[in-house]
Amino acid sequence: NNVAAKFKAGKWELQGNVLNTYIHDEEELGIAAKSRSVFTPTLMASFAPLGDKNLHVRAFYKEIFRNPNFTEQYYYATRPRDIKPEYVKQYDLGATYARHFSDVLQYFSITADAYYNDVDNKILYLPGRSAEIPSVINLGKVDIRGLDVNMKSLLKFSNKFTGSISAGYTFQKSVDVTDVKDEFYGEQIPYTPEHTLTVNAGVTYNSISVYYNHILSSLRYYTSNNKPDYLVPGYNISDASVQYRFKAYKMPVSLSAEVNNLFNQNYEVVRSYPMPPRSYRLTFQITK
Amino acid sequence: MKTLTIKHLLIILTVTAVLTSCRKDKTEPTPEPPKAERAGVYIVNQGSFGASNSTLTYYDYTTATRTGDIFSTVNGTGLGATANDAQIYGSKMYIIVNVSSTIEIVNAKTAKLIKHIDMKDGEVNRQPRYVVFNKGKAFISSYDGTVAVLDTASLNIEKYITVGRNPEQMAISNNKLYVANSGGLDFGNPDKTVSVIDLNTLTEIKKIEVTVNPVSLAADAYGDVYLISNGNYVDINPTFTIIDSNTDVVKSAAEANVAYGSPIAIEGDLAFILTGDNKVQVYNVKTETVAKENFISDGTAITTPYSVAVDGLTGEVFVTDAKNFAVDGELFVFDSSGKKKYSIATGINPGRVVFVNK
């Protein structure tokens, strides 16, 4: 259930809404989760400082209520899980600059958001012995300070030759601030890297496209203690692919060849589960 | 000479005096052999559930320094998955690693590896759990229903004795080995017996019926064997049972509020047992009554008491804290009056404390 309002005045725009979430679980065998009715408000302000609609600055305050999902609540290994829902108070300040040009650079946009999340009972997945039944716990109180930067650009070299580059970077300092007496107070929570970066680039000439992707993740720890004993190393993975689009029997088809993990890196996203080495894939699709 | 002259008497007197004074030195009591002195304490950390990160933490008393994982520091390799027990016998320490199914026999003072044994039955892991010693033999219980007999001189396993299902802790009393058969790997259908093994013939002579899911066993100096059964988590509650080792019959069995898998640490007339409400109960084994509801006298709170040990030499009581079972634990050391002396960080799930002498 949602109630929303919007208000516009000159360079300013204000939005507000209140979301009500009502949850009721019933179970035949065993224990159902508690029923809840929660109100979470959001307040957002956006303003164009140069009167130019290319640049916007915005700020918002948002309360988020996330109930544990079905897997988190009921897929337990030995006894019912007492998982509390997550409450987040999010404060955000950001800016977007987006513009069309009539040059080789056709379009460029960059967005930056700095945010502070005050999380109560953060729901955390700890990979367990089997993938279907993970261990899910609540971390009492987590403080998250983050920065998201996203860039997107479209290029046109000629009528037949176009390209695009986009990139996203996230900085996230998520620390456990539940109990000052804990040894790991103020340390990064499990499986959360401080830096992540994705880059996508592609060029298209007539019917042929070439793409390149890259993912970077900095190191993580698999327990709450940020000690070298519990380190899971970061990784840098690149993929590349070539795509050929044509018509076969008047149907739009595409044939693509991709190389994943181009530089054959040894890496793990989850500790003790090594990811595939360099691999190749050929795809044929009837599509546009 | 015909007559004793004074000169002769004087010589005899002098010689006698000298001889008797020498003899006096020889009859002085010989000095007592030096009392054993503790060098430090090992903590066996089980590691995370389903992971292979067991560690052996060592705290040196002389230098007051802690080594997070002395096993890998000294041997260049990890302990493996779920190191469950370790005991010192003679000059060696025997570390039992349950999920990796290995026994690491190391030098007790340096932790340097002497022998590595893979506990397998053909290709199947036996999954060893605990070890006790008697007259040069080590007895190792394994989840596959056997007790292995290892000769501590040759370091070879000589025999496997079949007991009940999923045996856990063991105790020796009256020249017999008592084994708690938990049956705990068969959820919903636990075992409910204690096997009695004759230590002369090394065969099982009897099974005593007890409450379901027996795990912890210890023997006192009065011929009694104490057992904690954990029940079935539904309608049968944990029980504290006393077995008379003279007759191999259950003397008494009463419901008790105990922590799962708590060791029963017996030192002299007192047994220390971890309770289900995070206390350290003191039980008098001579009078068979509870001496103290909580040994801890200064209000120190332990999040999740996991194991307890008593150092008979110093009277100190060691209690480990597993916290939330996923992070590094802590070892609390209390003096004999129940006041906390100090605490040190351990690895994940500190399950066993072992004292090593200088």
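Strands are DSSP runs of E of at least two residues, numbered from the N terminus. In this predicted model, Ser46(A) belongs to one of these elements, strand S3, which covers residues 36-47 of chain A. Ser46(A) is counted as buried because its relative accessible area is 16%, and the cut-off for that class is under 20%. Leaving aside residues up to four places away in sequence, Ser46(A) touches two short stretches of the chain: Lys11(A), Trp12(A) and Glu13(A), together with His56(A), Val57(A) and Arg58(A).

From this one serine the view can be widened to the whole of chain A. Its secondary structure comes to one helix and 15 strands. The C-alpha atoms occupy a box of roughly 60 × 55 × 45 Å along the principal axes. Chain A has 288 residues, and 30% of them count as buried. When contacts between residues at least 6 apart in sequence are considered, 53% join residues at least 24 apart. About 17,800 Å² of chain A is exposed, with carbon and sulfur atoms supplying 59% of that area. As for charge, chain A carries 32 positive and 28 negative charges, and the mean positions of the two sets lie 10 Å apart.

Chain A also meets chain B. The size of an interface is often given as the accessible area lost when the parts come together. Between chain A and chain B, this buried area is about 850 Å², and carbon and sulfur atoms give 51% of it. Ten residues of chain A and twelve residues of chain B take part in the contact. One salt bridge is found across the interface of chain A and chain B. A salt bridge links Lys227(A) with Asp328(B), and their closest N and O atoms are 2.2 Å apart.

Chain B offers two points of backbone interest. Most residues other than glycine have a negative phi. Ser101(B), however, has a positive phi, near 60°. Ser101(B) sits in the loop between strand S5 (92-97) and strand S6 (102-107) of chain B. With a relative accessible area of 1%, Ser101(B) is buried, since the class takes in values under 20%. The second case is Lys323(B), which is not a glycine either and has a positive phi of about 55°. Lys323(B) is likewise placed in a loop, here the one between strand S27 (317-321) and strand S28 (328-334) of chain B.

Note on methods. Residues are numbered from 1 along each chain as its sequence is written. Chains are lettered from A and ligands numbered from 1 in the order in which they are written. This is a predicted model: local features need pLDDT of at least 70, side-chain atom pairs count only at pLDDT 80 or more; totals for chains, interfaces and linings use all residues. Side-chain values use heavy atoms; hydrogens and water are left out. Helices (H or I, at least four residues) and strands (E, at least two) are DSSP runs, numbered from the N terminus. Buried means under 20% relative accessible area, exposed over 50%, partly exposed in between (1.4 Å probe, protein chains only). Contact means heavy atoms within 4.5 Å. Accessible areas come from the Shrake-Rupley method with a 1.4 Å probe; for residues, only the protein chains shown count as cover. Lys and Arg count as positive and Asp and Glu as negative; His and the chain ends are not counted. The place of a charge is taken as NZ of Lys, CZ of Arg, CG of Asp or CD of Glu. Buried area is the accessible area (1.4 Å probe) that two parts lose on being put together, summed over both. A salt bridge is a side-chain nitrogen of Lys or Arg within 4 Å of a carboxyl oxygen of Asp or Glu.
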